[in-house]
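Have a look at the fold below before reading on. The notes that follow start with one helix and work outward to a sheet and the chain as a whole.

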Amino acid sequence: MERKRIFILVKTYPTISKQYAELVCTAGVLEDGSWIRLYPIPFRLLQDDKKYKKYTWINVEVTKNTSDFRVESYRPDIRSIILEPEIKKKNGRVNWDIRKNIIFNNQKIYTNLKELITEAKHSMKSLAVFKPNKIEKVVVEKRDRDWKKETLEALKAQARQLDLFKTKEELDAELKPAMKIPYAFKYKFVDDVGIEASLMIEDWEIGMLYLNCLKLKRDESLAIQDVKNKLEDFAKTKDIYFFLGTAKEWHNVSPNPFLIVGIFYPPFERK
């Protein structure tokens, strides 16, 4: 067990599995700029003083995840999580300069998909910063509307086994799973040599954006259009980078095993 200081960059929308119940895949960079993945984390069952935000530093004890061949994967001791104060804002606004200095410290920014995928296959590298040459459009695809019954049962069983200093009543109140997003939102883009890809966006923020739009508009088609508008606006007005991560089960077998697990969208620098 070793303690790591991690700048959180990735929080994926909660998923439910039979093995681990409801989980959030979390990733970030260490002080030397190298990537680390923390998994599994039952985020919504954490105590409030353990619930971390994106773009904040945390300290946590970890061990290498020997069941995951991907080099960045570690198991966290969730009881050891310590949150550091949030980065101070600049004139009341997000301090993008500080974020960029941390994220791009000793960080290779990929622009070529073939190069990144080849490295992933050979070195088991599974997290990277990618800069698309051009974002062509946002694609929306239907997904299953409901979680599978067996995974919901696993969620209930495992949550009650966790010793998170909460009473049975408190856990029961929190056992309602995160709403399943019945649509996949994807960016279709090209790299620096014109190779085209369409990758699913797994970022928690996009899932919550859809739910908030649905709550406001009370119409799925309008909520979908609001999310598309937001993502298209990012593509037009922001200096977009993708945080890409592979799915373990597809890492060695898929022609392109990467997903967009986070979107970094600072403003364009003024010239």
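Which elements do the buried residues of α5 pack against? They pack against β1 (2-11), β12 (183-190), α6 (220-237) and β15. Keep in mind that this is a predicted model.

**The helix α5**

Helix α5 covers residues 204-217, 14 residues in total. From its first C-alpha to its last it reaches 20 Å, close to the 20 Å expected at 1.5 Å a residue. The buried residues in α5 are W204, I206, G207, Y210, L211, C213 and L214. Some of that spacing fits a general point: an α-helix has 3.6 residues a turn, so residues three or four places apart point the same way.

What goes on at the two ends of α5? At its start, a side-chain oxygen of D203 comes to within 2.8 Å of the backbone nitrogen of E205. After α5 comes R218, with a positive phi near 60°.

**Cores**

Y210 of α5 turns up again in the largest nonpolar core, which has 53 residues. Along with Y187, L231 and F243, Y210 touches the most other members of that core. There's also a second, separate core of 17 residues, including I6, Y52, I58 and I81.

**An open sheet**

β15, one of the packing partners of α5, also belongs to an open sheet of four strands, ordered β9-β10-β14-β15 with mixed pairing. β9 (109-110) and β15 (258-264) are the edge strands; each has a single partner strand, so one side of each has no neighbour in the sheet.

β9 pairs with β10 (residues 127-130) in the parallel sense, over two bridges. The residues that stand opposite each other are listed here:

| Residue in β9 | Opposite residue in β10 |
|---|---|
| I109 | V129 |
| Y110 | F130 |

Is β10 covered on one face or both? Both: L127 and V129 lie on one side, A128 and F130 on the other, and all four are buried. That matches the usual pattern, since in a regular strand the side chains alternate between the two faces of the sheet.

**The chain overall**

Zooming out, the chain holds six helices and 15 strands. Of its 271 residues, 49% are buried. Among contacts with a separation of 6 or more, 68% are between residues 24 or more positions apart. As for the surface, the chain exposes about 14400 Å², and carbon and sulfur atoms supply 50% of it.

Terms used:
Residues are numbered from 1 along each chain as its sequence is written. This is a predicted model: local features need pLDDT of at least 70, side-chain atom pairs count only at pLDDT 80 or more; totals for chains, interfaces and linings use all residues. Side-chain values use heavy atoms; hydrogens and water are left out. A nonpolar core is a set of buried Ala, Val, Leu, Ile, Met, Phe, Trp, Tyr and Cys residues joined through side-chain atoms within 4.5 Å. Buried means under 20% relative accessible area, exposed over 50%, partly exposed in between (1.4 Å probe, protein chains only). Two strands pair if DSSP finds at least two bridges between them. Contact means heavy atoms within 4.5 Å. Accessible areas come from the Shrake-Rupley method with a 1.4 Å probe; for residues, only the protein chains shown count as cover. The expected span of a helix is 1.5 Å times one less than its number of residues. A polar contact is a pair of N or O atoms within 3.5 Å; within protein, one must be able to donate a hydrogen and the other to accept it, and residues adjacent in sequence count only if both atoms are side-chain atoms.
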